[in-house]
Every structure is written in C-alpha cells, then in structure tokens.
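Let's take a walk through a protein model together. Have the sequence and the 3D view open, and follow along one stop at a time.

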Amino acid sequence: MTLLPPEEIGAKMHALKLWGRIAPFNWVVKPTGTVFPYFCTLIEVPQPNPVLCRFLMIEGWQTFHDYVFTRADRNYGVYSTPMELPHFELVVLATGEVKVFRHDAGYVPRELSAQEKPLVSRIMWEAYGVMMRIESDDRLPLRYSSEKAMFARVETAKGVWEDAPMPIVPPNPFVEKVSFAKADIDRAKDIPFATEETLEVDFRIFPNLITQEPRPRYAYILAAVDAETGEKVVFDKVSVSRDGGLKALWESMPPRLLKNLIARGRIPGNIRLLSGRVFRMLRPLCVEIPFKISLHDSLPRLEQALKV
C-alpha cells in the first residue's frame, strides 16, 4: 500500500485523542532494512503551552537507554534535554496542527528529507495501529513484560508486520574520559591561589543561540561569574564538532575551564555549581588543584549573567 505522508498520519494519531492513555507506555517499531529499532514514547507538555505533546521515535537501544536513564536522573550521561537525542519527532501543537522533525545531538531540529519520509511514515503508521489497539486493550504494550521484552511491531518482509517480543538489550556502560594537559596542571599550580574567591560556574545548551550554516548547531555556553560582584569571568560559546559529538563536547569542558582560569591569572578557592553533571566532570580537577566545588539549588548571579 502507498502510505500517507508523516504529517497526515500524525493528524490521524491526534484525532484518536489517546495521548493521555499512551503516555505511560513505550513500544518498538522495527522496519525491515533498518539497522535500528525505533522506540515510541510520548512526552506530555504542561499546559498552557503552544505545544500539546511530543511523540518521539527514538533511534536504537543505546539512545533509548540514555533517554530512560536521563528521565530518571537529569545528571546522567551528557544529554540535557530529549531534543538532543537522535530521533524522529511528531510535534502536536495546541492548535491541533502537527509537524514532524529529525533531531540529532547538538543540532537544530530540521524537517524530514525526502529519503527519510517513507521510513517515518512506516514507523508512524505502525504506531498509529498500536494506538488504536490500546484504545480497547491498554495492557497491549505490556504483553511481553514477563519475558523481559518490549512489545514490538516487526516487519518480517516488505509490508508484512507482526507482533513480537523485543528482548531488552543491556545498556553499554557509560564511561567518561576527562583529561588535562600536564603543562596546564603545572601552570595552574604556579599561579596565585585566591582562597577567598568564589566563582559560580555552569555549562549548558542555549537553544536560542544557533550557528549560521546550512545545518545549524546549538550553542553551548561555559560561564563563570564572580559570586560577589557578578562579573563575567568566563563566557565561552562552543558547539558540537562533526567528529566528536556531544560527549566529546562535555569532556572538553573541564580542560577549557582550566585554560580560562590560567589565562585569568589566578585559581579561585571555591566553585559553586548548579549541575550534578558539571560537578562530576570537574571532580577530577580537584585532585590536581585544591579548590572546593559545591552544588547549589540556585545561583542568582550566574543566572543573571546567562540571560542572553
């Protein structure tokens, strides 16, 4: 059969008015000829908001594990928001309009390419069918849970789909590698140590700042301000490289901060942080340089400086 465009299928999904019913569940769609299974999950958006909900089709087991772990612990790994995950996404606006996008880590979402549309239509058509079945059987996505497997719609041959258990694949261990140039450590030890000085530091995505290129990338900002005066000490804008990706960007943050402190000419006695992820990334530096790091619920001077 000739499938409808993704947006038309999305409109049919929205017309079912089942978003609340499917929100607790995840299921899998595995088209033939694709390397990855796609994991279907819903993110409801608190209202009022221009966006009603987001239906994600997450690409591959490891990405899905990262999604689940990050939802449980926002400091896990390197993803700060689901929009950084590699996935296709149906966005349902409060007006009822639907849009479909491709997301990749560190890049601004884009419209689907002509090559992607047939694949996304296949995934969404099967998701639509699962939603219609959930309307009368809301235990459907849990059918294989006793087998330690997820409910999946699997395409066994072109156009031939069947229900099947998708055995849960264990996640790969998450390993970070944060290293510093010996020359930078030696230089940092030789410059003044300002025991009483405190800096407020954060590293975060800035969705309102993007690069100007055919495939725009988001800016990530490494910011440090004086806790007493609010003076900006560090304000570096960076974006993902085409080779290293988001993980490499995060791993480069601690040595980048160290280089900025060296250029400034002194090391603060204390660094206050908002993010447990930044705390984790900076901890190896504390072994080499005896400043103290601490986590806080709010850092008003830093937040003021980050209003860009």
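In what order do the five strands of the open sheet stand? Keep in mind that you're looking at a predicted model. Going across the sheet, you meet E11, E10, E9, E12 and E13, with mixed pairing. Strand E11 (232-238) and strand E13 (292-295) are the edge strands: each has a single partner strand, so one side of each has no neighbour in the sheet. The sheet isn't flat like paper, either: on average, neighbouring strands are turned by 25 degrees against each other, direction ignored.

Now zoom in on one edge. Strands in a sheet pair through backbone hydrogen bonds, in a parallel or an antiparallel way. Here, E11 pairs with strand E10 (residues 218-226) in the antiparallel sense, over six bridges. Want a spot to click on? Ala224 has Val234 in E11 as its bridge partner.

Over to the other edge. Helix H8 (residues 276-288) lies across E13, and also across strand E9 (193-210) and strand E12 (267-273). Relative to E13, helix H8 runs at about 165 degrees.

Last stop: a loop. Between strand E2 (38-44) and strand E3 (51-59) you'll find Gln47. Is Gln47 buried, exposed or partly exposed? Its relative accessibility is 43%, so Gln47 counts as partly exposed. The side chain of Gln47 has a polar atom 2.8 Å from the backbone oxygen of Val45, and a polar atom 3.3 Å from the backbone nitrogen of Asn49. Leaving out residues up to four places away in sequence, Gln47 touches Leu52 and Ala94. Gln47 and Ala94 sit 47 residues apart in sequence, yet their C-alpha atoms are 9.0 Å apart in space.

Notes:
Residues are numbered from 1 along each chain as its sequence is written. This is a predicted model: local features need pLDDT of at least 70, side-chain atom pairs count only at pLDDT 80 or more; totals for chains, interfaces and linings use all residues. Side-chain values use heavy atoms; hydrogens and water are left out. Helices (H or I, at least four residues) and strands (E, at least two) are DSSP runs, numbered from the N terminus. Buried means under 20% relative accessible area, exposed over 50%, partly exposed in between (1.4 Å probe, protein chains only). Contact means heavy atoms within 4.5 Å. A polar contact is a pair of N or O atoms within 3.5 Å; within protein, one must be able to donate a hydrogen and the other to accept it, and residues adjacent in sequence count only if both atoms are side-chain atoms. Two strands pair if DSSP finds at least two bridges between them. Axes are lines fitted to C-alpha atoms, for helices over the stretch in contact, and angles run from 0 to 180 degrees between N-to-C directions.
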